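Please open the model in a viewer and keep the sequence panel at hand. The tour below proceeds by selections, each followed by a description of what is found there.

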Amino acid sequence: MAPIVGYWDVRALAQFIRNLLVYKGVQFEDKRYKFGPAPDFDRSDWLKEKFTLGLKFPNLPYYIDGDVKITQSLAILRYLGRKHDLAARNEDETLELDVLEQQARDLTMRLIFATAPNPNYEETIKAYADNIDNVLKPWEEHLANRKWVLGDRLTYVDFQLYEGLDTHREFKGDAVQRYPHIVAYLKRFEELPNLKEYFASDKYHKYPILGPHRKWGFKK
């Protein structure tokens with residue numbers, strides 16, 4: 001039976017998991033839960049199954065492969081990294097990837113938080129856009145002499161970083177274009193075997209990035 005990746009019908013915190021499985025040629029069920037209509041965006045599509053799947057800590061995303069049942073996006077990503085030889089191979093690599101993983105997560109979460117509904121939404125999102133160079137410049141410098149985040153070898157963190165950088169490109173493309181090493185990195189990732197075909201297919205959806213209750217990220 002094929003593994004199952006369960007998440008909302010958005011990219012957000014599951015697309016890097018989907019991308020990794022596609023890259024490794026793993027056939028899996030891409031289970032996507034739907035939000036209800038506005039204004040409540042009912043979540044019953046997920047809630048009716050939440051406690052029926054045998055998950056120890058029921059949540060989205062989840063990954064089920066036989067007796068393996070995991071929640072939490074990074075726990076899933078780390079597991080798949082180890083399973084598919086995309087994880088650290090020694091203590092030095094472990095230390096470096098631990099740091100890079102958290103930095104890549106911060107990149108994703110900063111944009112999610114900046115675009116979250118709040119009473120000062122317009123001010124918050126403008127401030128983030130105005131200061132986006134502070135977020136991107138460290139990655140430009142890190143990637144200056146590296147093919148992938150760890151060096152010459154692709155790792156699970158690259159799948160996380162690609163999502164963070166690509167969603168920032170959707171948010172403020174002109175800012176990302178100012179950083180040639182980031183642009184080259186994104187292009188390399190998009191040319192990877194299996195992913196190139198996937199990104200060009202109707203199985204891949206650039207949007208929605210975030211849920212329908214968001215002013216940014218649900219529709220282009």
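How much space lies in the largest pocket? The model is a predicted one, and in it the largest pocket holds about 450 Å³ of space.

**Stop 1: the largest pocket**

Select Tyr-7, Trp-8, Leu-13, Arg-43 and Leu-60; of the 22 residues that line the largest pocket, these are the closest to its centre. Next, colour strand E1 (4-8), helix H2 (44-47) and helix H4, which are the elements that give two or more residues to this lining. By class, the lining of the largest pocket comprises 13 nonpolar, 5 polar and 4 charged residues.

**Stop 2: the sheet**

Strand E1 leads on to the sheet. Display the open sheet of 4 strands, whose order is E2-E1-E3-E4 and whose pairing is mixed. Why is one side of strand E2 (29-33) and of strand E4 (68-71) left without a neighbour in the sheet? Both strands stand at the edges and have a single partner strand each, so one side of each has no neighbouring strand there. On average, neighbouring strands of this sheet are turned by 15° against each other, direction ignored.

Now select strand E3 (residues 62-65) together with E4: the two pair in the antiparallel sense, over 4 bridges. To view one residue pair across them, pick Tyr-63, whose bridge partner in E4 is Ile-70.

**Stop 3: the second largest pocket**

Select Val-22, Gly-25, Val-26, Gln-27, Phe-28, Asp-30, Asn-194, Tyr-198 and Lys-203, which line the second largest pocket. About 260 Å³ of space lies in this pocket. Its lining is made up of 4 nonpolar, 3 polar and 2 charged residues.

**Stop 4: the annotated C-terminal region**

Select residues 90-209, which an unreviewed UniProt entry annotates as "domain: GST C-terminal". What is the helix and strand content over this range? Over residues 90-209 the chain is 68% helix and 0% strand. A distance drawn between the end C-alpha atoms of the range should read 34 Å.

**Stop 5: the cavities**

How many cavities of 30 Å³ or more does a search of the whole structure find? The search finds 2.

For the largest cavity, select Ala-12, Thr-108, Leu-111, Ile-112, Glu-163, Gly-164, Thr-167, Ile-209, Leu-210 and Trp-216, which form its lining. Helix H4 (91-114) and helix H7 (156-171) are the elements that give two or more residues to this lining. The space in the largest cavity amounts to about 60 Å³. Its lining residues divide into 6 nonpolar, 3 polar and 1 charged.

For the second largest cavity, select Leu-13, Phe-16, Ser-73, Arg-105, Thr-108, Met-109 and Gln-160. This cavity has a volume of about 30 Å³. H4 provides the largest share of the lining, 3 residues. The classes represented are 3 nonpolar, 3 polar and 1 charged. Colouring by domain is instructive here: domain 1 (4-85) and domain 2 (91-192) each contribute at least three residues to the lining of the second largest cavity.

**Last selection: shared residues**

Finally, select Thr-108, which is listed in the lining of the largest cavity and also in that of the second largest cavity. Then add Leu-13, which lines the second largest cavity and is among the residues closest to the centre of the largest pocket.

Terms used:
Residues are numbered from 1 along each chain as its sequence is written. This is a predicted model: local features need pLDDT of at least 70, side-chain atom pairs count only at pLDDT 80 or more; totals for chains, interfaces and linings use all residues. Side-chain values use heavy atoms; hydrogens and water are left out. On a 1 Å grid over the protein atoms alone, a cavity is a set of points where a 1.4 Å probe fits but cannot get out, and a pocket is an open set with protein on both sides within 12 Å along at least five of seven lines; lining residues have an atom within 4 Å of a point. Grid points are joined across faces, edges and corners, and a volume is the space filled by probe spheres set on the points. Ala, Val, Leu, Ile, Met, Phe, Trp, Tyr, Cys and Pro count as nonpolar, Asp, Glu, Lys and Arg as charged, and the others, Gly among them, as polar. Domain bounds come from an automatic or database domain assignment. UniProt positions are given in the numbering used here, feature names are shortened, and annotations may be inferred rather than shown by experiment. Two strands pair if DSSP finds at least two bridges between them. Axes are lines fitted to C-alpha atoms, for helices over the stretch in contact, and angles run from 0 to 180 degrees between N-to-C directions.
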